[in-house]
Amino acid sequence: MKKILVIENNAGIRENIAEILGLANYKVFTAEDGKTGIEIALHQKPDLILCNVLMPQLDGYGVLHLLHKNPTIRNTPFIFMSAIADRAEMRKGMELGADDYIIQPFEKTELLQAIECRLKRAEWLKQEFITREAPLNGNGYHLPDMPRNGNERDILCLLSDNRDVCKYKRKQIIYVEGNRPARLYYIKKGKVKAYKTNEEGKELITGIYGEGDFLGYVALLEGTVYKERAETMENTELAIIPKDEFDALMNTRKEVVVRFMTMMAHNITEKEQLLLGLAYNSLRKKVADALITVNRKYKTSINISRENLAAIAGTATASMIRTLSEFKSEKLIEIHDGAITILNEKELENLLN
C-alpha cells in the first residue's frame, strides 16, 4: 500500500483529502503545518507528498526546500496545492522542484489522476527500464532487439510502444525552464506549446508539437536544463521514455542517434527562421507564417486562441485579430466559430517571399 503525506493547515480540507485517498486504498498521514509535515516525512518516508502552498510559519516552498536538503526524502514526488491560480506562483513551485501543482478546489478524479501519474513516474526512475531478455549494452542496460538498419517505423516503435501514458488536462504544465530533464516525452494525442516569457509576462511561443512528435529532447541531448516551458493546449496524452533508457539507446543504436540529430538540426533551423521572421518580417508575413506553421500541425481547421496565435507570430493580439480580418476579406482564410480554415495556402506562402 502506497503511503501519502498530506500537509494542509485547513482541517476541513485536510480531512476531506485524507478520506478520498483512504477510499482509494492509500495509507494516509496528515500534518496541520509545515514543521510537523517535515517530521512525519522523515519518519514515515511516504511515497508522495501533497502540500498546501500558503501556510503560517513555514509555507509549502519552505517545506520543499528543507526536504530537498535531506538525501533520504529529496526524491519523493511532491505536489503543491493552492487556491491561487497564479502563473508566477506555479512557476516558482515548479522551479523549486515540485512535480506538479494543482489548483483548489479540484475534482476527486483530478487529484487521484495527478497522484497516480507521479507515483508511476517515481517507479520508472527506480526500476530497470528495459527488458532482461534483450542483449546488454556496455553500460549494463538491457536493450530490445531492432534491425540494425531499422527504418523510421522501427525506431518510432522502439521509442514509443509499450510505454506508460500520462494524461494531461488543457493548460497543464509539463516542464519549466531551469529544471533538469529526467525523461523524453512522446505525444500520442493532443497539442503542446513550448514558450518563453519576458519580464512583463508576454509569451513567445517557440514551438507547437502534436501527435507523433517528441518533446524535451533538446535539453536531454545537450545535457543541460530546459530553456523554455512546455504547456498543453488541449487534453493530451504523453508516453514517457526515462532518461536512462534514452541515454542507453543513444549510446548503442546508430539509427536512434541519426533520428535525433536530424531533429536537432531541424529544430535549430526552425529557431533561426523564427528569429529572422521576428526581426525582419512585416505583420502580414508574421501572421501568414504563423498560420501555415500551425495549419501543418493541426492538419484540419486551426482551433487555437488568438492569444496563442499572436504569441507564435510574435505580435500583439489586437494586431493578429486585425490581420486575420484582412485575410478573411481577401478570401485567404475562413473563420467559423473561432476556428480558422486556410482557403489558399499558396497565396499565404507567396506573402512570405
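**Exercise 1.** Work out whether Pro 105 is buried or exposed, and where along the chain Pro 105 sits.

*Solution.* Start with the relative accessibility: Pro 105 comes in at 82%, so it counts as exposed. The cut-offs are under 20% relative accessible area for buried, over 50% for exposed and partly exposed in between, with a 1.4 Å probe and protein chains only. Next, place Pro 105: it lies in the loop between strand E5 (100-103) and helix H5 (108-126). Helices (H or I, at least four residues) and strands (E, at least two) are DSSP runs, numbered from the N terminus. Last, check across the fold: the C-alpha atoms of Pro 105 and Ser 82 are 8.4 Å apart, with their positions 23 residues apart along the chain.

A quick word on the model: it's predicted, so local features need pLDDT of at least 70 and side-chain atom pairs pLDDT 80 or more, while totals for chains, interfaces and linings use all residues. Residues are numbered from 1 along each chain as its sequence is written, and side-chain values use heavy atoms, leaving out hydrogens and water.

**Exercise 2.** Find which residues touch the most other members of the largest nonpolar core, then list the contacts of Leu 348.

*Solution.* A nonpolar core is a set of buried Ala, Val, Leu, Ile, Met, Phe, Trp, Tyr and Cys residues joined through side-chain atoms within 4.5 Å. The largest has 49 residues, and Phe 78, Leu 291, Leu 309, Ile 333 and Leu 348 touch the most other members. Helix H10 (residues 283-298) gives this core its largest share, 6 residues. Now set aside neighbours of Leu 348 within four places in sequence: Leu 348 is in contact (heavy atoms within 4.5 Å) with Ala 288, Leu 291, Ile 292, Phe 327, Leu 332, Ile 333 and Ile 342.
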